[in-house]
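Biologist: Please take one strand and the hairpin that follows, and go through that part closely. I would also like to know how that part fits into the rest of the chain.

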Amino acid sequence: MIRTIARLGPAAALAVTGLALSACGAVAEAHQTPAAPAVTSTANTQGVPNLQPVAESAGTTVTIAKFMFGPDALTVPVGATVTWTNDDTDPHTVVAKDGTFRSGALTKGGSYRHTFDKPGTYQYLCSIHPFMVATVVVTP
């Protein structure tokens, strides 16, 4: 088969080789390992793609433990739902300083969720223990 491809000339040989490699790729696809992280592509001024890894979505869970919110600063995209879970034996609340959200008292194991629909910086605290403060930054 290689001699036959060589007699076809460079362009035809390249086409036949490409088809053969395509077929091999299709078979290999069925047995691939999990995909690599997604990338975004933008072209630079020479038209050459610049491949950049897509940032993984920020975590959307806040743990309340040892009279602290952890993490104390969280960045999420618009539309993300953040879940606060109380791991302390004492009750805690999650109250936005600007009044946009407010949980009831969360006992041990209790949780509260809020979906952020607008970009901005949201400072919050525990109304029972006002020294417990944290921030959620919502990006467009």
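Modeller: What follows starts with the whole chain and then turns to one strand, its hairpin, its sheet and the core.

The model is predicted, so local features are given at pLDDT of at least 70 and side-chain atom pairs at pLDDT 80 or more, while totals for chains, interfaces and linings use all residues. Numbering starts from 1 along each chain as its sequence is written, and side-chain values rest on heavy atoms, with hydrogens and water left out.

The protein chain contains two helices and 10 strands. Helices (H or I, at least four residues) and strands (E, at least two) are DSSP runs, numbered from the N terminus. From the N terminus on, the order of the elements is α-α-β-β-β-β-β-β-β-β-β-β. Of the 140 residues in the protein chain, 25% are buried; buried means under 20% relative accessible area, exposed over 50%, and partly exposed in between (1.4 Å probe, protein chains only). The protein chain exposes about 9300 Å², of which carbon and sulfur atoms supply 61%; accessible areas come from the Shrake-Rupley method with a 1.4 Å probe, and for residues only the protein chains shown count as cover.

The strand to look at is β3, residues 61-65. Its covered face carries V62 and I64, and its uncovered face carries T61, T63 and A65. In a regular strand the side chains alternate between the two faces of the sheet.

β3 has a partner in β4 (residues 68-70), which runs antiparallel to β3 and is joined to β3 by three bridges. Two strands count as paired if DSSP finds at least two bridges between them. T63 of β3 stands opposite G70 in β4, and I64 stands opposite F69 in β4. β3 also pairs with β6 (residues 81-86), in the parallel sense and over four bridges. There V62 stands opposite W84.

Two residues separate β3 and β4 in their hairpin. K66, in the loop between β3 and β4, has a phi near 55 degrees, a positive value in a residue other than glycine. F67 is found in the loop between β3 and β4 too, with a positive phi of about 60 degrees although F67 is not a glycine. Most residues other than glycine have a negative phi, and most peptide bonds are trans. K66 counts as exposed because its relative accessibility is 68%; F67, at 29%, counts as partly exposed. At the other end of β4, the peptide bond from G70 to P71 is cis, with omega near 5 degrees. P71 lies in the loop between β4 and β5.

β3 belongs to an open sheet of four strands with mixed pairing and the order β4-β3-β6-β8. β4 and β8 (111-115) are at the edges with a single partner strand each, so one side of each has no neighbour in the sheet. Neighbouring strands of this sheet are turned against each other by 20 degrees on average, direction ignored; the axes are lines fitted to C-alpha atoms, for helices over the stretch in contact, and angles run from 0 to 180 degrees between N-to-C directions.

There is also an open sheet of four strands in the order β5-β10-β9-β7, again with mixed pairing. Its edge strands are β5 and β7 (95-96), each pairing on one side only. β5 and β10 run parallel and are joined by five bridges, with P77 opposite T139 in β10.

The largest nonpolar core has 21 residues, and F69, W84, V94, F101, F116, Y124 and V136 have the most contacts inside this core. A nonpolar core is a set of buried Ala, Val, Leu, Ile, Met, Phe, Trp, Tyr and Cys residues joined through side-chain atoms within 4.5 Å. At least two residues of this core come from each of β3, β5 (73-77), β6, β9 (120-125) and β10 (133-139). β10 gives the largest share, three residues. In soluble globular proteins, nonpolar side chains tend to be buried together.

F69 links the hairpin to this core. Setting aside neighbours within four places in sequence, F69 is in contact (heavy atoms within 4.5 Å) with residues including V62, T63, I64, W84, V94, Y124 and V133. Over the protein chain, 43% of the contacts between residues at least 6 apart in sequence join residues at least 24 apart.
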